[in-house]
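Please open the structure in your viewer and keep the sequence panel beside it. This tour proceeds by selecting a few residues at a time and stating what is found at each stop.

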Amino acid sequence: MRRAALALTLSALLAAGCTTGATVAGEPASVSGVVPVRPTTKLTAPPEEKLPGVGECFDAKVLGRVPCARSHEAEVTWLETLPQHLPKAYPDDSTLLASSIPRCAEKLTEYMGSEAAPASRLRVGAIWPDKALWATGQHYVICTVVEVGPDGAPVSRTGSLKDALKKDFWAYQLCTAGSPSKAETLVGVPCDQPHVGEALPSVKNLGKSSDKIPSAEQLHSTMDKHCKQVVIDYLLAPEGRPDVATSWRVPSERDWSEGYTVGTCFAETNKPVSKTVRGIGGQAELPA
């Protein structure tokens, strides 16, 4: 067995390469830039003839295949050969990300039955060969889905995630301890624990990574228009609420080049709550 890299993408949502924005009571809040966080771990990966198949589950520490009913950390959504135009010399992580993540994100959407993964605790992952395997001509990428904990690392789970978000997005909804419009790095927490941010499933595709990233003004204008109605529908509050802001996170230029091109809307409360504000309406007090 040899070593291979697993890139767990936190996207423009947790990865802090994004910029953020918010609208509170109709007034735009300030926009802040943040620093990317792209955790990478090492896995023991087999050569091509022993790669796991689509739908197989495995332990992320050893890439050992296990039945999905048993505890595991990752699930394969697609396998593919990386583009032939990549250099013969081993590419850097940014090049490998840009060559892997757009396709893996596309396959994750198909596998989940929903485009809402960026607003959930489920993350797209990509495994590619190490230098030794690359030198033998093995240029594969394994696309995976993992569930992440508060630190962004995979958590052990049981059961397949096939069509999981299509069946029940709310079981995997991302809630955040920090402010989506202000925090540099978001810490995900269960939605029944104190939180101020609730990610909404109506994510916005902002373009293709192969195209030039829109300006910050264009990105924030697009998300402002998109997220206002999304949050109103989420709250069931046609006039909005002064204690719940509409906020969003969009990719930075580096995120964009690596395939993270989705913007995510949040309902952001002005104090921590221990249950979601979905369907709260316009009059009821925020839950404690």
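**A first stop at E258**

Select E258: with a relative accessible area of 1%, this residue is buried. The model on the screen is a predicted one. Next, add R254 to the selection, and a salt bridge appears between R254 and E258, with 3.2 Å separating the closest N and O atoms. Is R254 buried or partly exposed? Its relative accessible area is 43%, and R254 therefore counts as partly exposed. Burial here means a value under 20%, so the two partners of this bridge fall into separate classes: E258 is buried, whereas R254 is partly exposed.

**Further salt bridges**

The whole structure contains eight salt bridges. Now select E80, R103 and E106, which are joined into one network by salt bridges that share partners.

Move on to R241 and D243. These two residues form a salt bridge in which the closest N and O atoms lie 2.9 Å apart. R241 is buried at 8% relative accessible area, and D243 is buried as well, at 17%.

Then select D224 and K228, whose side chains meet in a salt bridge with an N to O distance of 3.8 Å. How many residues apart are K228 and D224 in helix α5? They are four residues apart, which means that about one helical turn separates them. K228 is partly exposed at 38%, and D224 is likewise partly exposed, at 22%.

**The disulfides**

Remain with helix α5 for the next selection, and turn to the cysteines. The structure has four disulfides. If the bonded cysteines are counted along the chain, the pairing follows the pattern 1-2, 3-4, 5-6, 7-8.

Select C227 and C265. Their sulfur atoms are 2.1 Å apart and form a disulfide. The torsion about this S-S bond is -80 degrees, and the link is left-handed. Where do the two cysteines C227 and C265 lie? C227 belongs to helix α5 (residues 216-235) and C265 to strand β15 (residues 262-273), so the disulfide ties together parts that are 38 residues apart in sequence. C227 is buried, at 0% relative accessibility, and C265 is buried at 0% too.

Next, select C57 and C68, a disulfide pair with a distance of 2.0 Å between the sulfur atoms. The torsion about the S-S bond is about 95 degrees, so this disulfide is right-handed. C57 is found in strand β5 (residues 57-59), while C68 is in the loop between β6 (64-66) and β7 (74-81); the pair therefore ties together parts 11 residues apart in sequence. Both C57 and C68 are buried.

For the last selection, choose C175 and C191, which a disulfide joins with an S to S distance of 2.1 Å. Which hand does the disulfide of C175 and C191 have? With a torsion of about 100 degrees about the S-S bond, the disulfide is right-handed. C175 lies in strand β10 (residues 175-176) and C191 in the loop between β11 (188-189) and β12 (195-199), so parts that are 16 residues apart in sequence are tied together. C175 is buried at 0% relative accessibility, and C191 is buried with a relative accessible area of 16%.

Note on methods
Residues are numbered from 1 along each chain as its sequence is written. This is a predicted model: local features need pLDDT of at least 70, side-chain atom pairs count only at pLDDT 80 or more; totals for chains, interfaces and linings use all residues. Side-chain values use heavy atoms; hydrogens and water are left out. A disulfide is a pair of cysteine sulfur atoms within 2.5 Å. Buried means under 20% relative accessible area, exposed over 50%, partly exposed in between (1.4 Å probe, protein chains only). A salt bridge is a side-chain nitrogen of Lys or Arg within 4 Å of a carboxyl oxygen of Asp or Glu.
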